[in-house]
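Here are some exercises to work through with the structure open beside you. Try each task on your own before you read the solution.

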Amino acid sequence: MARPWYWSKAMYDLIILLVLLTVGYIFGQINEKRHYRSILRREQQLRSLLLVPSRFPPMYVQAPQTRLVAANVVISVDFFKVFVAGLRKFIGGRMRPYESLIDRARREAVLRMKAEAHKLGANMIFNVKFESVPLYKGQRNSIQSVEALVYGTAIIPARPPVA
């Protein structure tokens with residue numbers, strides 16, 4: 001007796017692909033939402049530390065000490081986003097799966113830089129610069145990770161003398 005068409009090897013492969021895509025999508029969304037919640041919480045904690053893109057500090061700032069602060073982060077893309085981005089290459093349009101990846105990487109790098117400046121006692125970071133680099137891997141040079149680097153000059157105010 002012959003097997004029906006739905007028992008073919010191709011059908012098994014299709015089912016496995018769909019299951020992997022579904023699992024990748026679910027866990028990718030859970031991790032991304034968890035990371036965004038962490039980012040929002042830390043942004044609230046460090047919101048008093050100002051970032052100024054200007055090359056020079058504001059005129060009213062008397063900075064007895066400055067320090068270079070920098071941070072970088074590498075965030076990897078999940079399998080589902082790679083699959084969807086591969087489909088988007090054929091269709092065209094915005095690469096939304098990678099937009100959230102870059103947004104998370106930049107915001108995480110800024111938070112790490114702010115945390116470093118906060119440890120130094122800084123109240124402002126000026127001349128803030130961003131760099132982003134896609135990291136390629138694979139046969140077709142598909143993006144697998146994104147590195148974000150942010151750096152700036154922290155202004156550390158003078159401490160009042162201890163009596």
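**Exercise 1. Find the nonpolar patch on the surface and say which elements build it.**

Solution. Start with the residues: L14, I16, L17, L18, L20, F79, F83, L87, F90 and I91 make up a nonpolar patch on the surface. Together they offer about 1,000 Å² of accessible area. Next, look at where they come from: helix 1 (9–45) and helix 2 are the elements that give two or more residues to the patch. Now pick one member, L87, which sits in helix 2. L87 has a relative accessible area of 42%. The cut-offs are under 20% for buried and over 50% for exposed, with partly exposed in between, so L87 is partly exposed.

Before you lean on these details, remember that this is a predicted model. That leads to the next task.

**Exercise 2. Where in the protein chain is confidence lowest, and where is it highest?**

Solution. Take the whole chain to begin with: the mean pLDDT is 82, and 86% of the residues reach 70 or more. Then go element by element. Confidence is lowest in helix 2 (residues 79–91), with a mean of 72. The highest value belongs to strand 2, at 91. Helix 2 is also one of the elements behind the patch from Exercise 1.

**Exercise 3. Describe the layout of the protein chain: how many helices and strands are there, and what pattern do they follow?**

Solution. Count first: you should get three helices and four strands. Then read along the sequence, and the pattern comes out as α-β-β-α-α-β-β. Now ask how the chain folds back on itself. Among contacts with a separation of 6 or more, 79% are between residues 24 or more positions apart. As for cover, 29% of the 163 residues count as buried. The accessible surface comes to about 11,500 Å², and 62% of that belongs to carbon and sulfur atoms.

**Exercise 4. Which elements build the largest nonpolar core, and which one gives the most?**

Solution. A bit of background: in soluble globular proteins, nonpolar side chains tend to be buried together. Here the largest nonpolar core has 22 residues, and M113, A117 and I125 have the most contacts inside it. Two or more residues each come from strand 2 (65–76), helix 3 (96–120), strand 3 (124–137) and strand 4 (142–156). Helix 3 gives the most, with seven residues. To see the core from one residue's point of view, go to M113. Leaving aside residues up to four places away in sequence, M113 touches L51, V69, A70, A71, I125, V128, V150, Y151 and G152.

**Exercise 5. Hunt for salt bridges. Which pair ties together parts that are 72 residues apart in sequence?**

Solution. Searching the whole structure turns up five salt bridges. Let's go through some of them.

- Step 1: R104 and E32 meet through their side chains, at 3.7 Å from N to O. R104 is in helix 3 and E32 is in helix 1, so this is the pair that ties together parts 72 residues apart. R104 is buried at 11% relative accessible area, and E32 is buried at 11% too.
- Step 2: D103 pairs with R107, with the closest N and O atoms 3.5 Å apart. They are four residues apart in helix 3, so about one helical turn separates them. D103 is partly exposed at 29%, and R107 is partly exposed at 23%.
- Step 3: R112 pairs with E108, with the closest N and O atoms 3.1 Å apart. Both lie in helix 3, four residues apart, about one turn of the helix. R112 counts as partly exposed at 39%, while E108 counts as buried at 6%. Salt bridges that share partners join R42, E108 and R112 into one network.

**Exercise 6. Inspect strand 3: what is the phi of N127 near, and how far apart are the C-alpha atoms of P134 and S145?**

Solution. N127 is in strand 3, and its phi is near 55°, a positive value in a residue other than glycine. For comparison, most residues other than glycine have a negative phi. P134 lies in strand 3 as well and counts as partly exposed, at 34% relative accessibility. Finally, the C-alpha atoms of P134 and S145 are separated by 6.1 Å, with the two residues eleven apart along the chain.

Methods. Residues numbered from 1 in each chain as written. Predicted model: local features only at pLDDT ≥ 70, side-chain atom pairs only at ≥ 80, totals over all residues. Heavy atoms only, no water. Core = buried A, V, L, I, M, F, W, Y, C linked by side-chain atoms within 4.5 Å. Buried < 20%, exposed > 50% of the residue type's maximum accessible area, 1.4 Å probe, protein only. Contact = heavy atoms within 4.5 Å. pLDDT = per-residue confidence, 0-100. Patch = residues over 30% accessible without salt bridge, like charges linked within 9 Å, V, L, I, M, F, W, Y side chains within 5 Å. Areas by Shrake-Rupley, 256 points an atom, 1.4 Å probe, with all protein chains shown as cover. Salt bridge = Lys/Arg side-chain N within 4 Å of Asp/Glu carboxyl O.
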